[in-house]
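Reader: I am new to this structure and should like to understand the terms used to describe it. Please set each value beside its definition.

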Amino acid sequence: MGKITSVAPLTNPHFIKPVEIHYIQNAKEKKWEAVLSHDSVAILLYHRQKDAFVLVKQLRVTVLNKNKNNGYMYELCAGIVDKTCSIEQIAKEEILEECGYDVPVQNLEKISAFYTSVGISGTYQTLYYAEIDEHMKVNEGGGLEEEEIEVIYIPVSEAKKFMFDESYQKTTGVSLAFYWFFDTKKVGTTEKNLVFF
């Protein structure tokens, strides 16, 4: 369980840059406080053999700062776009790093792209879908050394219930991706008594 020890002004940022944007709207000068940050990529993973979605669970200190009792979030596998390679390659690397599966770039299916955090940063996120199985698993995942990521399997038969269960803190991207899957993919699902979360 995480615990906030202090909150202080950011004087030497590494990944974000606080700015004040001056602009004109309807012939009137205005200003807005914002944060410049990297765009991102996220991936909905469907595990064929488990008939389950693969999510990651990790501590988000911004959430912990709001909810002192629980800062852990259920999220799609994701990462920032901070390299010169293709977004698909970044997505592949994030899947391997966070979840432990080696997914060929050509297996990634683009779902859509959209702006997030529009009130503070307006970053652009590209969302992909990929199907995986145990033959693709090469390690246990878990993210980088400084991260603490747990790989979570949500059975498809439990996914709709999970989407609206507020006891599981999750991002809006999870629900969007689940909706897309149920609306788009014709994957046969079976009722299971497996509960992985």
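Reader: Which residues does Val41 touch, not counting residues up to four places away in sequence?

Author: This is a predicted model, in which local features need pLDDT of at least 70, side-chain atom pairs count only at pLDDT 80 or more, and totals for chains, interfaces and linings use all residues. Residues are numbered from 1 along each chain as its sequence is written, and side-chain values use heavy atoms, with hydrogens and water left out. Contact means heavy atoms within 4.5 Å. Val41 touches Cys77, Ala78, Gly79, Val81, Ile87, Ile90, Ala91, Gln125, Thr126 and Tyr128. Val41 and Gln125 stand 84 residues apart in sequence, yet their C-alpha atoms are 5.3 Å apart in space.

Reader: Why is Val41 called buried?

Author: A residue is buried under 20% relative accessible area, exposed over 50%, and partly exposed in between (1.4 Å probe, protein chains only). Val41 has 0% relative accessibility and therefore counts as buried. Its place is in strand S3. Helices (H or I, at least four residues) and strands (E, at least two) are DSSP runs, numbered from the N terminus.

Reader: What makes Glu94 buried or exposed?

Author: The relative accessibility of Glu94 is 10%, so Glu94 counts as buried. Glu94 belongs to helix H2 (residues 87-99). Not counting residues up to four places away in sequence, Glu94 touches Cys77, Ala78, Gly79 and Cys99. Cys77 is 17 residues from Glu94 along the chain, and their C-alpha atoms are separated by 6.9 Å.

Reader: Why does Asn26 count as buried or exposed?

Author: With 74% relative accessibility, Asn26 counts as exposed. Asn26 is in the loop between S1 and strand S2 (28-37). Its phi is near 55 degrees, a positive value in a residue other than glycine.

Reader: Why does Asp51 count as buried or exposed?

Author: Asp51 has 5% relative accessibility and therefore counts as buried. Asp51 sits in the loop between S3 and S4, and its phi is positive, about 50 degrees, although Asp51 is not a glycine.

Reader: How do you know that the span of helix H4 agrees with its number of residues?

Author: The expected span of a helix is 1.5 Å times one less than its number of residues. Helix H4 (residues 172-184) has 13 residues and should therefore span 18 Å; its end C-alpha atoms are 18 Å apart, which agrees. The buried residues of H4 are Gly173, Val174, Ser175, Ala177, Phe178, Trp180 and Phe181. Their cover includes S3, strand S4 (52-59), strand S5 (72-75), strand S7 (109-116), strand S8 (123-132) and helix H3 (156-164).

Reader: How many helices and strands does the protein have?

Author: The protein has four helices and nine strands. From the N terminus on, its elements run β-β-β-β-α-β-β-α-β-β-β-α-α. Of the 197 residues in the protein, 36% are buried.

Reader: What is the average pLDDT of the protein, and where does pLDDT stay under 50?

Author: The term pLDDT denotes the predictor's confidence in each residue, from 0 to 100. The protein averages a pLDDT of 90, and 93% of the residues score at least 70. Among the elements, strand S1 (residues 16-25) has the lowest mean, 90, and strand S3 (residues 40-47) the highest, 98. Over residues 189-196, pLDDT stays under 50, and the model has 15 contacts there beyond four places in sequence. Where pLDDT is low, the predicted coordinates should not be read in detail.
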